[in-house]
Amino acid sequence: MISTKRRVFLKGTLAAGTVGVAVGAGLLAPSKLLAAWPSEAFAAEGIAAAMEAVTGSSDVPDGDVELSAPEIAENGAVVPVSISTGMDNVTEMAVFVELNNQPLTAHYVLGDGAHANISGRIRMGESSNVIAVAKSGDSWYKTVQEVKVTVGGCGG
Amino acid sequence: MSIRVRAQESNGVINIRALMSHDMLVPEDDGGPHFIETVEIKRNGTTALTANWQFTVSRNPFLQAEIDGASGDTVTITWKDNKGESDSSEVEVR
């Protein structure tokens, strides 16, 4: 148990270090997310690196973010996921599947008149936590839900 | 390729439901990865929502969103994939 936690801690620290270097080198400008398909964030491996690439931190606090997904998905190829929040001034939202190789699944930029209420369907190869994040003002908040998958959906 | 779009207004909010025809090939598939990277929803020519997607979005993607607006407005949905293909559909809000 102790060694597991230590491993997670080390992984998180290493990932944060790497992204920190990338930010310092100007490789990962946050504004890039608003301009074009955020290739670095989608390529990021592991949940800590992916969260950091989108939000600037791998440690996003829990908050007023709603995530609606089935507790048990019989077909991992089509898992309906809805994200919403009652917070004001929401400009970005995103969905991560923690155990996917590249966890970032969807990233939304809310423009003129858009409500923070978006639904889609995603693929999951195995049971995993699904994490929804929303940016209200300058701050990111998250919510986490586990989805159990009985038949995976990432194969060919 | 096609996009089926429904846009219905109620109490000043347009509910948009779009079903895009695309195989969304993952890297392990023949010819993959081949997937929709961005979807843009415009109302009367102004961008209201941009979706950036990974290949882990399901095949034939569905997107539901809500934006402020009125009956008679024009809603345009455009997707572009990682191989430069694209499709667009325009509907009048009911």
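**Exercise 1. Locate Ser10(B) in its strand and determine whether this residue is buried or exposed.**

Solution. Ser10(B) lies in strand E1 of chain B. The model in question is a predicted one. The next step is to count neighbours: 10 other C-beta atoms lie within 10 Å of Ser10(B). A residue with 12 or fewer such atoms is classed as exposed. Ser10(B) is therefore exposed, given its 10 other C-beta atoms within 10 Å. A distance completes the description of this residue: the C-alpha atoms of Ser10(B) and Ala70(B) are 8.1 Å apart, although 60 residues separate the two along the chain.

**Exercise 2. Describe how E1(B) is joined to strand E2 of chain B, and state which residues stand opposite Ser10(B) and Gln8(B).**

Solution. E1(B) and strand E2 (residues 13-20) of chain B run antiparallel and are joined by 8 bridges. Within this pairing, the residue opposite Ser10(B) is Val13(B) in E2(B). Gln8(B), in turn, faces Asn15(B) in E2(B). The two strands form a hairpin with 2 residues between them, and Asn11(B) adopts a positive phi near 55° there.

**Exercise 3. Give the strand order of the open sheet of 6 strands, and identify the edge strands.**

Solution. The order reads E1(A)-E3(A)-E6(A)-E5(B)-E2(B)-E1(B), and the pairing is antiparallel. The edges are strand E1 (66-68) of chain A and strand E1 (3-10) of chain B, since each of them pairs on one side only. With direction ignored, neighbouring strands in this sheet are turned against each other by 15° on average.

**Exercise 4. Characterise the side of chain A that touches chain B.**

Solution. First, the extent of the contact: 30 residues of chain A meet 28 residues of chain B. Second, the contributing elements: strand E5 (104-110) and strand E6 (117-122) of chain A each supply at least two residues of this side. The largest share, 7 residues, belongs to E5(A). Third, the composition: this side of chain A comprises 15 nonpolar, 12 polar and 3 charged residues. Finally, the strand pairing: E5(A) and strand E4 (residues 46-53) of chain B run antiparallel, joined by 5 bridges. In E4(B), Asn52(B) is the residue opposite His107(A).

**Exercise 5. Identify the residues with the most contacts inside the largest nonpolar core, and list what Val133(A) touches.**

Solution. The largest nonpolar core contains 65 residues, and Ala50(A), Met93(A) and Val133(A) have the most contacts inside it. Helix H4 (residues 47-55) of chain A provides the largest share of this core, 7 residues. Beyond residues up to four places away in sequence, Val133(A) touches Val54(A), Thr55(A), Val60(A), Val65(A), Met93(A), Ala94(A), Trp140(A), Tyr141(A) and Lys142(A). As a general background, nonpolar side chains tend to be buried together in soluble globular proteins.

**Exercise 6. Summarise the architecture of chain A: its helices and strands, their pattern, and the percentage of residues that count as buried.**

Solution. Chain A has 4 helices and 8 strands. Along the sequence, the pattern is α-α-α-α-β-β-β-β-β-β-β-β. As for burial, 40% of the 156 residues of chain A count as buried. The last step concerns contacts in chain A between residues at least 6 apart in sequence: of these, 66% join residues at least 24 apart.

Definitions and conventions
Residues are numbered from 1 along each chain as its sequence is written. Chains are lettered from A and ligands numbered from 1 in the order in which they are written. This is a predicted model: local features need pLDDT of at least 70, side-chain atom pairs count only at pLDDT 80 or more; totals for chains, interfaces and linings use all residues. A nonpolar core is a set of buried Ala, Val, Leu, Ile, Met, Phe, Trp, Tyr and Cys residues joined through C-beta atoms within 7 Å. A residue is buried if 20 or more other C-beta atoms lie within 10 Å of its own, exposed if 12 or fewer, and partly exposed in between; C-beta atoms are placed from the backbone. Two residues are in contact if their C-beta atoms, placed from the backbone, lie within 7 Å. Ala, Val, Leu, Ile, Met, Phe, Trp, Tyr, Cys and Pro count as nonpolar, Asp, Glu, Lys and Arg as charged, and the others, Gly among them, as polar. Two strands pair if DSSP finds at least two bridges between them. Axes are lines fitted to C-alpha atoms, for helices over the stretch in contact, and angles run from 0 to 180 degrees between N-to-C directions.
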